Amino acid sequence: MARVFGFKGCRKIRGSQIRNLLETKDVFLFDCDGVIWDGEHAITGAPKVVNSLIRHGKNVFFVTNNSTKPRENYVHKFYRLGFTDVMQEQIFSSSYCSALYLKDVAKVNGHVFAIGCEGLLKELRDAGVALTDEMDSPEDTIAKCALTPGVKAVIVGHDDTFTFLKLAKASCYLKDPNCLFLATDSDPWHPLRDGRILPGSGSLAAALEVASGRKATVIGKPSRFMFECISSQFRGVDPAQCLMVGDRLETDMLFGANCGLDTMLTLTGVSQMKEAQDYKDSQHSTNQSFVPDYVVDTIADFLPAFEDMD
């Protein structure tokens, strides 16, 4: 039953309203950063919420655009922060889903040039994706460096060691119109402490789009593919029975809208109530996809509902 209260957008819910929502939903999808943790600290109450959902028989999944870690590392982090009931198969990161796309959808038969951190590279290797093995030195330039012949795909994720040479190599490979161009996600930036920001995968993909004159296929949110990964591995997942909980309107709420899911914004991360209200009041119909169905201050607002359900 979609939108159990008959309205859409920017309405805070609490108490019995949250309990009613929990009773009508079987599947809960959570973003991670800003929703259930902030760096190395769990959002207060979040471990109890997630563990309680699982113990009440709900299906819980985690959909994150963070491509820097393999899923096994996420399992360790969940456990370290008190999420003791989370299993690896519940975690769908943009790096894992990118590996599935290359293996099962694109069925790439050849080498892939990957720009990304070890998390992305490990997920690709674990899926059997053949990566280029190019050892560059600081003195190398695009005019003299080695290029792997017949590269079939280029994928761009977050990369702390991104260089001009990597950008140039990827641009050369994408001169071949048959070379697939993927981005793990389109996140432009991520918040850090003291008002600083970290450029995201989307900024690197944008640079390569300009250099190559091509547009990347985005695997992570707000693309539908992450949800398709979940529904292909867990049969019977009905979009009408799902709730997507996130902290970023342009990513998490749009992902939910694209997949036909009800959406909930939590105010512990990037987006705040005023931004959601501005989108709701906008005269542009496309902006309505950024508007959450429900809003909570924090997912800890779920906790009283479990007391009523027990």
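Two strands are taken to pair if DSSP finds at least two bridges between them. In this predicted model, strand β1 (residues 27–30) and strand β4 (residues 59–64) pair in the parallel sense over 4 bridges, and within this pairing phenylalanine 30 has phenylalanine 62 of β4 as its bridge partner. Strand β1 is also joined in the parallel sense to strand β13 (residues 242–246), again over 4 bridges, with phenylalanine 28 standing opposite leucine 243 of β13. Both faces of β1 are covered, since Val27 and Leu29 on one side and Phe28 and Phe30 on the other are all buried.

These strands belong to an open sheet of 6 strands, which has the order β5-β4-β1-β13-β14-β15 and parallel pairing. The edges are formed by β5 (91–93) and β15 (294–296), each of which pairs on one side only. Neighbouring strands of the sheet are turned against each other by 20° on average, direction ignored. Further along the order, β13 and strand β14 (residues 262–266) run parallel and are joined by 4 bridges, and valine 245 has methionine 264 in β14 as its bridge partner. Helix α8 packs on the sheet, where it touches β1, β4, β5 and β13, and the direction of α8 makes about 150° with that of β5. Helix α9 (residues 249–259) lies across β1, β4, β13 and β14 and runs at about 160° to β14.

Helix α8 (residues 225–233) is also packed against helix α4 (residues 94–105), the two axes coming within 10 Å and crossing at roughly 70°. Angles of 65 to 115 degrees count as roughly perpendicular, and α4 and α8 are therefore roughly perpendicular to each other. The contact brings Ser94, Tyr96, Cys97, Leu100, Tyr101 and Val105 of α4 together with Phe225, Met226, Cys229 and Gln233 of α8. The residues of this contact divide into 8 nonpolar, 2 polar and no charged.

The structure holds 16 salt bridges. One of them is formed by aspartate 262 and lysine 25, whose closest N and O atoms are 3.2 Å apart. This pair links distant parts of the chain, with aspartate 262 in strand β14 and lysine 25 in the loop between α1 (16–24) and β1, 237 residues apart. Aspartate 262 has a relative accessible area of 3% and is therefore buried, and lysine 25, with a relative accessible area of 0%, is buried as well.

A further salt bridge is made by the side chains of lysine 221 and aspartate 31, at 2.9 Å from N to O. Lysine 221 lies in the loop between β12 (217–218) and α8, whereas aspartate 31 lies in the loop between β1 and β2 (37–38), so that the pair links parts of the chain 190 residues apart. Both lysine 221 and aspartate 31 are buried.

The side chains of lysine 274 and aspartate 278 likewise meet in a salt bridge (2.9 Å, N to O). Both residues lie in helix α10 (residues 273–281), 4 residues apart, about one turn of the helix. Lysine 274, with a relative accessible area of 60%, is exposed, while aspartate 278, at 41% relative accessibility, counts as partly exposed. Elsewhere, salt bridges that share partners join Asp31, Lys221 and Asp252 into one network.

Threonine 132 is found in the loop between β7 (130–131) and β8 (153–156). At 16% relative accessibility, threonine 132 counts as buried. Leaving aside neighbours within four places in sequence, threonine 132 is in contact with His111, Val112, Phe113, Thr148 and Val151.

Notes: Residues are numbered from 1 along each chain as its sequence is written. This is a predicted model: local features need pLDDT of at least 70, side-chain atom pairs count only at pLDDT 80 or more; totals for chains, interfaces and linings use all residues. Side-chain values use heavy atoms; hydrogens and water are left out. Helices (H or I, at least four residues) and strands (E, at least two) are DSSP runs, numbered from the N terminus. Buried means under 20% relative accessible area, exposed over 50%, partly exposed in between (1.4 Å probe, protein chains only). Contact means heavy atoms within 4.5 Å. Axes are lines fitted to C-alpha atoms, for helices over the stretch in contact, and angles run from 0 to 180 degrees between N-to-C directions. Angles under 35 degrees count as roughly parallel, over 145 as roughly antiparallel, 65 to 115 as roughly perpendicular and the rest as oblique. Ala, Val, Leu, Ile, Met, Phe, Trp, Tyr, Cys and Pro count as nonpolar, Asp, Glu, Lys and Arg as charged, and the others, Gly among them, as polar. A salt bridge is a side-chain nitrogen of Lys or Arg within 4 Å of a carboxyl oxygen of Asp or Glu.
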